[in-house]
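Open the model in your viewer and keep the sequence panel at hand. We will go from one selection to the next, with a short note on what you will find at each stop.

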Amino acid sequence: MSNVIIGTAGHIDHGKTTLIKALSGIETDTTAEEKERGMSINLGFAYFDLPSGKRCGVVDVPGHEKFIKNMLAGVSGINLVLLLVDSREGIMPQTKEHADILSLLGVENYIIVMTKIDLAEKEYREMVKEEIESYIKGTPLEGSPIIEVDSVSKKGIDTLLKEIDRKIENIAEIKEGKNARLNVDRAFQVKGFGTVVTGTLTEGTVSVGDELEIYPENLKTKVRNIQVHKQDVKTAHAGQRTAISLTNVKIDDVGRGRTLATPGTLTKTYMLDTEIKIIDNSNFTLELWDRVRVYTGTSEVMARIVPLGSEVLESGKGGFAQLRLEEEVSVKNYDRFIIRTYSPMITVGGGVILDVSPKKHSRFNEEILNKLKVQSKGNSKELISNYILTGHAYLITAEEIAKTLEQSLENVEKDLAELVQDGALYKTKSGYIHVKKYEDILEKVSTLVGDYHKKFRLKRGISKAELFSKFKINQKELAVIIDLFVSNNVLKIQNNFISLYDFEVKYDANQLKEKNNIEKILLESKFTPPNIKDLTKNNKGLNELLSSLAGDTIIILNENIAIHVKTFEEAKNKVLKHFENNKKLTLAEFRDFTGSSRKYSLPILEYMDKQGITKRVEDYRVLGK
């Protein structure tokens with residue numbers, strides 16, 4: 001692993017700062033206030049090299065209860081935690097709270113460091129070690145190595161370094177293909193550099209000159225300079241503690257709680273659907289409208305709890321809940337968070353974000369609960385299927401899925417192909433549609449078209465324009481979905497009229513006689529047909545009959561004129577022959593070689609324009625393309 005971030009955690013005065021100095025030679029208590037108090041207030045920033053040659057960034061997170069939110073800020077992006085326990089004092093309340101927080105935030109790799117061993121008798125140290133082993137049994141820390149050190153005499157430091165080297169071999173490497181994200185834990189002004197922010201680059205890479213966005217304000221900025229381990233670099237990589245100088249940004253715009261990320265990659269939200277776990281043996285429960293503090297990344301916001309699928313979130317169990325936030329946060333699905341009580345501030349639980357932009361919904365909605373269960377499992381095929389099903393759009397592309405779920409396009413396309421084969425999705429030229437959405441629209445369209453057939457038995461179908469007007473769906477999406485219904489032999493389209501696939505216009509004997517008569521009259525009158533009112537004698541039944549022929553043997557040019565399709569084909573052939581030797585066609589020329597008048601010639605030419613056969617330019621036509 002090329003970039004490793006190690007965090008130190010533990011009770012106040014258990015030796016975190018001294019240990020880091022012993023490992024790195026860097027003192028992380030940098031401010032006068034910190035030196036005076038003898039404790040870490042802000043996040044320390046150090047690094048050291050391992051025997052293998054790998055370099056580790058270090059976050060020294062505070063141990064004092066008043067500075068717990070600083071500790072939460074430091075946890076973001078940590079790969080390995082050194083949990084410190086003073087050999088003279090053993091497990092303390094803040095040690096337990098830190099361990100709980102680290103577990104809730106998904107940290108899996110620990111080394112427990114017993115400090116100040118030169119100040120404690122061997123027998124007492126053995127008792128403390130047994131206490132630690134007993135405490136971590138049954139927790140994510142169980143099985144973690146326990147290393148004894150004294151940071152002043154450097155006793156045990158070499159052993160600790162070797163154990164860190166061994167431990168990080170098993171840590172999965174951070175993927176740099178993701179969009180960049182850095183949760184800001186410090187911001188300050190540096191003469192000659194302007195506004196500088198620091199934090200762990202948890203995802204992606206950042207290079208000098210990159211455009212980034214400050215969330216949740218959505219302010220655009222550019223990277224002027226980057227430092228990693230006090231050295232200027234052109235590019236910072238995921239997993240590195242990083243200081244970034246930004247252009248055109250005031251310090252007030254980018255303090256702690258903000259996030260620096262690739263533009264357009266985070267969601268601003270006041271609501272989150274989540275899965276929450278309440279700490280075991282905490283004696284706390286969370287009920288409807290309880291007010292809590294939510295910590296995610298480096299931000300702290302107040303929120304109200306809305307349990308989903310249960311009346312209460314119980315100690316040691318938890319469950320799904322919607323968080324109604326009092327301020328916006330900018331997050332992604334699967335970000336983790338911590339919950340503390342409003343007052344007094346006690347850590348009671350934490351969890352993972354499953355939906356960054358949910359709607360307000362019923363607390364016992366089975367569809368929502370099933371969706372959250374799928375999100376919680378994290379199976380890639382189920383996630384993709386669920387994303388397509390619950391997304392606002394009906395058609396979603398593989399590229400959009402890969403970007404949103406932050407998976408490789410290759411893996412997404414493989415899962416999509418399997419989902420199509422399994423019958424869970426349909427593939428179209430514009431994206432994928434979930435089978436449930438497909439069936440929902442199909443039912444509505446089939447019912448609408450079927451009702452139209454019952455009402456207008458002699459019409460070959462409903463016009464596209466009329467059908468589309470009945471749906472509040474993106475028109476381009478609906479057109480693609482209708483085409484999918486056609487390819488699946490559910491609907492058919494003839495000359496812009498949509499009908500059920502098996503529907504056919506059926507005429508009785510009298511209607512068939514009138515049909516043949518209308519067709520004969522229009523065929524014989526050619527380019528000078530009778531007015532439609534005269535043709536149908538203004539009879540409702542005959543008007544409906546004429547409409548049924550539209551697009552088949554008859555072309556209705558406007559409300560007054562209809563011609564036989566063979567007449568139109570003859571006109572088209574004359575036009576195409578004309579363009580074999582001419583570049584232009586005037587209305588007069590068309591009128592002359594069809595033997596008609598302007599009254600009929602203009603509508604025929606306008607219909608040809610619509611068909612793309614011709615194209616009007618000023619007062620003449622050219623051949624269409």
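The tour below begins with the domains and then visits salt bridges and two buried residues.

**Stop 1: the domains.** Keep in mind that this is a predicted model. Start by colouring the chain by its domain assignment: domain 1 covers 4-170, domain 2 covers 181-261 and domain 3 covers 267-368. Further along come domain 4 (379-506) and domain 5 (510-623).

**Stop 2: where domain 1 meets domain 3.** Now show only domains 1 and 3. How is the size of an interface often given? It is often stated as the accessible area lost when the parts come together. Between domain 1 and domain 3, the buried area is about 1,100 Å², and carbon and sulfur atoms give 66% of it.

Next, look for the charged pair. Domain 1 and domain 3 have one salt bridge between them. Select R340 and E97: their side chains meet in a salt bridge, at 2.9 Å from N to O. On the domain 1 side that touches domain 3, the elements giving two or more residues are α3 (68-75) and α4 (93-104). If you switch on polar contacts, three residue pairs between domain 1 and domain 3 are counted, both residues being at pLDDT 80 or more.

**Stop 3: a few more salt bridges.** The structure holds 29 salt bridges, and three more make good selections.

- Select E314 and K317. Their closest N and O atoms are 3.5 Å apart, and the two form a salt bridge. E314 is partly exposed, with a relative accessible area of 36%, whereas K317 is exposed at 59%.
- Move on to K381 and E418, whose side chains meet in a salt bridge of 3.2 Å, N to O. K381 belongs to helix α8 (residues 380-390) and E418 to helix α10 (residues 409-421), so this pair ties together parts that are 37 residues apart in sequence. Both ends are partly exposed: K381 has a relative accessible area of 24%, and E418 has 28%.
- Then pick E519 and K515, a salt bridge with its closest N and O atoms 3.1 Å apart. Both residues sit in helix α14 (residues 509-525), four residues apart, which is about one turn of the helix. Are these two buried or exposed? E519 is buried, at 12% relative accessible area, and K515 is buried too, at 14%.

While the charged side chains are on display, select R181, E203, K332 and D335 together: salt bridges that share partners join these residues into one network.

**Stop 4: I353.** Select strand β24 (residues 347-355) and find I353 within it. I353 counts as buried because its relative accessibility is 0%, under the 20% cut-off. Which residues does I353 touch, leaving aside those up to four places away in sequence? They are L272, D273, T274, V331, K332, N333, Y334, D335 and F337. Two of these, K332 and D335, are also members of the salt-bridge network from the previous stop. For a distance to draw, try the C-alpha atoms of I353 and V254: they are 24 Å apart, with the two positions 99 residues apart along the chain.

**Stop 5: E477.** Finish in helix α13 (residues 475-487), where E477 is found. E477 is buried yet has no salt bridge. The nearest side chain of opposite charge is that of K437, 7.5 Å away. Beyond residues up to four places away in sequence, E477 touches A393, Y394 and L395.

Definitions and conventions
Residues numbered from 1 in each chain as written. Predicted model: local features only at pLDDT ≥ 70, side-chain atom pairs only at ≥ 80, totals over all residues. Heavy atoms only, no water. Buried < 20%, exposed > 50% of the residue type's maximum accessible area, 1.4 Å probe, protein only. Contact = heavy atoms within 4.5 Å. Lys, Arg positive; Asp, Glu negative; His and termini not counted. Salt bridge = Lys/Arg side-chain N within 4 Å of Asp/Glu carboxyl O. Domains from an automatic or database assignment. Buried area = accessible area lost by both parts, 1.4 Å probe. Polar contact = N/O pair within 3.5 Å; in protein donor to acceptor, adjacent residues only side chain to side chain.
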